[in-house]
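Q: I am a first-year student, and I would like a close look at one buried loop residue and what surrounds it. Could you take me through that part slowly, and then show me how it fits into the whole chain?

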Amino acid sequence: MKSTTLKLFLFTLLAGTSFTSLAQADTLRVMSFNILHGATTKNDFNLDTLAGVINYYQPDLVALQEVDFKTKRAKNYDLPTELGIRTKMASLFARAMYYDGGEYGEAVLSKFTFIGSENLGLPHLPNSEPRAALVTRVKTKKGNTIQFVGTHLDHLKDETDKVMQAKAIVKSLGDTEYPTLLVGDLNAVPNSNPINIISEKFSKPKHPNAWKGTFPATGPNICIDHIMYNQPEKWQVLEYEVLCENYASDHCIVIATLVFTP
């Protein structure tokens, strides 16, 4: 009996070790893209252009902000699904509020299948626009589970809502066990109160381009679109780019190429 118990123990130990060792370093290309509810800066509603931008840069994961779901202004299109089809990526949508006969919020596109998701509603003052964070989890081909969070914080100059929202993100996700990327239009510049709060748990890449202006797309002079991560010792930044496609959006697109080592 003791011999059988010992064999079972050793088998379990070795099996656990082998499964753990299956995970290897991943190189991930990540994008933040405020799509201006599909309108483009010329208000001509061009989903093919938006998809073309994504296809050109070939990201693995995309956080989309200002996303319409079957609103009248978006011609009753389901924008996440339409862009997912055009880019051949999986899509998820998180409603922040009902709007114009449909819904408005965040979306994520992924080259990997989703293994989990949550719509995290963010706090706001009674008369402010609701906001959300779309929390997704994917398993990469190298066997790593990565948590990818797309969000869009309040846009008002008064930081009251943004501070509440930053605190809610830290409270909900700050101590997560998953390696997490926090990506999106945070409407907050470096060293502002919201960024300082988020920086208690999430780091900006130490790359000179990480502090470049991202808005407006023509002559960007403030950095409000960010890619951040927890567990900074596990991430290496190969590239960080700010790309200003001033027809597709009024924001610059932010792309980072990151190596995650478990």
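A: What follows starts from one histidine, moves on to other loop residues, and ends with the chain as a whole. Please keep in mind throughout that this is a predicted model.

The histidine to look for is His251, which you will find in the loop between strand E10, residues 235-243, and strand E11, residues 253-260. Is His251 buried or exposed? Residues count as buried when their relative accessible area is under 20%, and His251, at 5% relative accessibility, is therefore buried. If we set aside the neighbours within four places in sequence, the residues in contact with His251 are Asn34, Asp185, Thr214, Phe215, Ala217, Ile224 and Asp225. Asn34 deserves a second look, since the side chains of His251 and Asn34 are also joined by a polar contact of 3.4 Å.

Phe215, which is one of the residues in contact with His251, leads us to a detail of the backbone. The peptide bond that runs from Phe215 to Pro216 is cis, and its omega is near -10°. As background, most peptide bonds are trans, and most residues other than glycine have a negative phi. Pro216 itself has its place in the loop between helix H5, residues 193-198, and strand E9, residues 225-229.

The backbone angle phi gives us two further residues to examine. Phe45, in the loop between strand E1 (26-34) and helix H2 (47-57), has a positive phi near 50° although this residue is not a glycine. Asn191, in the loop between strand E8 (180-185) and H5, likewise is not a glycine and has a positive phi, of about 70°. Phe45 has a relative accessible area of 14% and so is buried, whereas Asn191 counts as exposed because its relative accessibility is 68%, and the cut-off for exposed is over 50%.

Another loop residue can be read in the way we read His251. Asn144 lies in the loop between strand E6 (131-139) and strand E7 (145-152), and because its relative accessibility is 4%, Asn144 counts as buried. Apart from neighbours within four places in sequence, Asn144 is in contact with Ala23, Gln24, Ala25, Asp26, Val138, Lys139, Phe260 and Pro262. With Asp26 there is also a polar contact, which links the two side chains at 2.6 Å. Asn144 and Pro179 are 35 residues apart in sequence, while their C-alpha atoms are 9.1 Å apart in space.

Now step back to the whole chain, in which there are five helices and eleven strands. Of the contacts with a separation of 6 or more, 69% are between residues 24 or more positions apart. Among the 262 residues, 52% count as buried, and the accessible surface comes to about 12400 Å², with 54% of it belonging to carbon and sulfur atoms. The C-alpha trace spans about 75 × 40 × 35 Å along its principal axes. Because a compact globule of 262 residues would have a radius of gyration near 18 Å, the 20 Å of the protein chain agrees with that expectation. Finally, the chain has 26 positive and 27 negative charges, and the mean positions of these two groups are 7 Å apart.

Methods
Residues numbered from 1 in each chain as written. Predicted model: local features only at pLDDT ≥ 70, side-chain atom pairs only at ≥ 80, totals over all residues. Heavy atoms only, no water. Helix = DSSP H or I, 4+ residues; strand = E, 2+ residues; numbered from the N terminus. Buried < 20%, exposed > 50% of the residue type's maximum accessible area, 1.4 Å probe, protein only. Polar contact = N/O pair within 3.5 Å; in protein donor to acceptor, adjacent residues only side chain to side chain. Contact = heavy atoms within 4.5 Å. Rg over C-alpha atoms; globule rule 2.2 N^0.38 Å. Areas by Shrake-Rupley, 256 points an atom, 1.4 Å probe, with all protein chains shown as cover. Lys, Arg positive; Asp, Glu negative; His and termini not counted. Charge placed at Lys NZ, Arg CZ, Asp CG, Glu CD.
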